Every structure is written in structure tokens, then in C-alpha cells.
Amino acid sequence: MTDMPILTIDGPSGSGKGTIAQMMARELGWHYLDSGAIYRVLAFASLKHQIPASHEGALMKLAQHLDLQFELD
């Protein structure tokens, strides 16, 4: 792991933020993080573990224990 800056942009689905963020990160020589993927993985894990969206504490604990790894193409 490096100390290279990471760029991520949050916003509505399908707005082009991922495309823009990837282009910006490439231009700046930074890493790009698809933050939406993290939200989707947490949503999937919460369904798998039957944790309702209203149980904020349980969701936070689940998020802290997610083992996420992103691979570059």
C-alpha cells in the first residue's frame, strides 16, 4: 500500500461520476476508489446476514468487518 492520494466521487447513479473520477485520477496519477461498490457490497452483506437498514449499529459493525479488495485491470 502506498501513500498515493485516492479520488472518489459520490453522487446519483448513472450521472457519469465514475467515468469522470477515473479520468481525473489517471490524469493526476492518483488511485480511483469506486465508493458505490462499497455501498453495494454492504447492502448485499446486510441482506445475506438479514440485518435491517434500521439497525444502524449492526450495519456499522458489519461494515467494519467487510474484507474488501479491489483489483486493477
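**Close-ups around helix 2**

**View 1. Who is tucked away in helix 2?** In helix 2, the buried residues are Ser 35, Gly 36, Ala 37, Ala 45 and Ser 46. Keep in mind that this is a predicted model. Part of the cover over those buried residues comes from helix 3, residues 56-64.

**View 2. Helix 2 from end to end.** Count along helix 2 and you get 14 residues, running from 35 to 48. From its first C-alpha to its last, helix 2 reaches 20 Å, which is close to the 20 Å expected at 1.5 Å a residue. Just past the helix, look for Gln 50: its phi is positive, near 55 degrees.

**View 3. Arg 40 and Asp 34 form a salt bridge.** Zoom in on this pair and you'll find their closest N and O atoms 3.4 Å apart. How many salt bridges does the count come to? The count comes to one. Now check how open each partner is. Arg 40 has a relative accessible area of 53%, so it counts as exposed. Asp 34 sits at 28% relative accessibility, so this residue counts as partly exposed.

**View 4. The second largest pocket has a volume of about 210 Å³.** Rolling a probe the size of a water molecule over the atoms is a way to see where empty space is left. Here, 17 residues line the pocket. Nearest its centre lie Ile 9, Lys 17, Asp 34, Gly 36 and Arg 40. You've met some of these names already: Asp 34 and Arg 40 are the salt-bridge partners, and Gly 36 is one of the buried residues of helix 2. Which helices each supply at least two residues of the lining? Helix 1 (17-28) and helix 2 do. Sorted by class, the lining has five nonpolar, eight polar and four charged residues.

**View 5. Phe 70 lies in the segment after helix 3.** Is Phe 70 buried, exposed or partly exposed? Its relative accessibility is 47%, and buried means under 20% while exposed means over 50%, so Phe 70 counts as partly exposed. Leaving aside neighbours within four places in sequence, Phe 70 is in contact with Leu 33, Asp 34, Ala 37 and Ile 38. Two of those names come back from earlier views: Asp 34 forms the salt bridge with Arg 40, and Ala 37 is among the buried residues of helix 2. For a sense of scale, try Phe 70 and Gly 14: they are 56 residues apart in sequence, and their C-alpha atoms are 21 Å apart in space.

How values were computed: Residues are numbered from 1 along each chain as its sequence is written. This is a predicted model: local features need pLDDT of at least 70, side-chain atom pairs count only at pLDDT 80 or more; totals for chains, interfaces and linings use all residues. Side-chain values use heavy atoms; hydrogens and water are left out. Helices (H or I, at least four residues) and strands (E, at least two) are DSSP runs, numbered from the N terminus. The expected span of a helix is 1.5 Å times one less than its number of residues. Buried means under 20% relative accessible area, exposed over 50%, partly exposed in between (1.4 Å probe, protein chains only). Contact means heavy atoms within 4.5 Å. On a 1 Å grid over the protein atoms alone, a cavity is a set of points where a 1.4 Å probe fits but cannot get out, and a pocket is an open set with protein on both sides within 12 Å along at least five of seven lines; lining residues have an atom within 4 Å of a point. Grid points are joined across faces, edges and corners, and a volume is the space filled by probe spheres set on the points. Ala, Val, Leu, Ile, Met, Phe, Trp, Tyr, Cys and Pro count as nonpolar, Asp, Glu, Lys and Arg as charged, and the others, Gly among them, as polar. A salt bridge is a side-chain nitrogen of Lys or Arg within 4 Å of a carboxyl oxygen of Asp or Glu.
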